Amino acid sequence: METLNSQQLIEIAKQLKVIARSINDFQIDNWNNLTTEQFNRLNKTERDILLTVQDLIARSVTVLAENSEDLISMIKEATDKVETSLKQIENINKAIEIATASVFIASAIISQNPSAISLSLQGLAEALEE
């Protein structure tokens with residue numbers, strides 16, 4: 001297994017930041033339709049992702065992956081799908097489900113567990129399905 005270098009970690013952090021921004025945009029676009037609970041859940045998921053971004057940038061986290069280039073590519077692809085979905089989605093509970101699945105990706109990366117990363121990406125793909 002190879003480890004991700006700091007440049008690759010920064011790339012992952014950027015992708016997670018895009019996901020957090022997409023969650024925020026969805027929240028702003030649907031402000032009047034959100035219940036307090038939904039608003040708070042979206043805030044929490046966004047905050048969790050942003051904290052992970054800070055961890056990736058501030059600490060030199062060692063993440064193990066069988067092929068880091070493939071991992072970064074998969075995360076970028078997932079990020080693009082999240083960003084697109086959250087711009088188009090109207091179902092608030094589905095948006096929360098996608099946001100929560102995104103937090104699992106961030107947590108899996110920090111856990112340094114390749115199988116957890118793979119499972120979290122699979123979970124996000126399932127959350128993105130109609």
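Is Gln15 buried or exposed? Gln15 is buried, with a relative accessible area of 8%. The close-ups below, all drawn from a predicted model, start with that residue and then move on to other spots.

**View 1. Gln15 and what it touches in helix H1.** Here we're looking at Gln15, which sits in helix H1, the stretch covering residues 6-29. A relative accessible area of 8% falls under the 20% cut-off, so Gln15 goes down as buried. Leaving aside residues up to four places away in sequence, Gln15 touches Ile75, Lys76 and Thr79.

**View 2. Ser22, also found in helix H1.** Ser22 has a relative accessibility of 5%, and that counts as buried. Once residues up to four places away in sequence are set aside, Ser22 is in touch with Glu83 and Leu86.

**View 3. Leu56 of helix H2 beside Leu9.** Helix H2 runs over residues 36-58, and Leu56 is part of it. With a relative accessible area of 2%, Leu56 is buried. Now find Leu9: it is 47 residues away from Leu56 along the chain, yet the C-alpha atoms of the two are separated by 6.3 Å.

**View 4. Helices H4 and H5 side by side.** How do you describe a pair like this? Two packed helices are described by the angle between their axes and the distance between the axes. For H4 (residues 92-111) and H5 (residues 114-128), the axes come within 8 Å and cross at roughly 170°. Angles over 145 degrees count as roughly antiparallel, so that is the label for H4 and H5. On the H4 side, the residues making the contact include Phe104, Ile105 and Ile109, while those of H5 include Ile117, Leu121 and Leu124. Sorted by class, the contact has 12 nonpolar, 4 polar and 3 charged residues.

**View 5. The buried residues of helix H5.** Let's start with the length of H5: at 1.5 Å a residue, its 15 residues should span 21 Å, and the end C-alpha atoms are indeed 21 Å apart. Which residues of H5 are buried? They are Ile117, Ser120, Leu121, Leu124, Ala127 and Leu128. Look down the axis of H5 and these buried residues fall within an arc of 120°, so they line one face of the helix. What covers them includes helix H3 (68-88) as well as H4.

Note on methods: Residues are numbered from 1 along each chain as its sequence is written. This is a predicted model: local features need pLDDT of at least 70, side-chain atom pairs count only at pLDDT 80 or more; totals for chains, interfaces and linings use all residues. Side-chain values use heavy atoms; hydrogens and water are left out. Helices (H or I, at least four residues) and strands (E, at least two) are DSSP runs, numbered from the N terminus. Buried means under 20% relative accessible area, exposed over 50%, partly exposed in between (1.4 Å probe, protein chains only). Contact means heavy atoms within 4.5 Å. Axes are lines fitted to C-alpha atoms, for helices over the stretch in contact, and angles run from 0 to 180 degrees between N-to-C directions. Angles under 35 degrees count as roughly parallel, over 145 as roughly antiparallel, 65 to 115 as roughly perpendicular and the rest as oblique. Ala, Val, Leu, Ile, Met, Phe, Trp, Tyr, Cys and Pro count as nonpolar, Asp, Glu, Lys and Arg as charged, and the others, Gly among them, as polar. The expected span of a helix is 1.5 Å times one less than its number of residues. The arc is that of the directions from the helix axis to the C-beta atoms.
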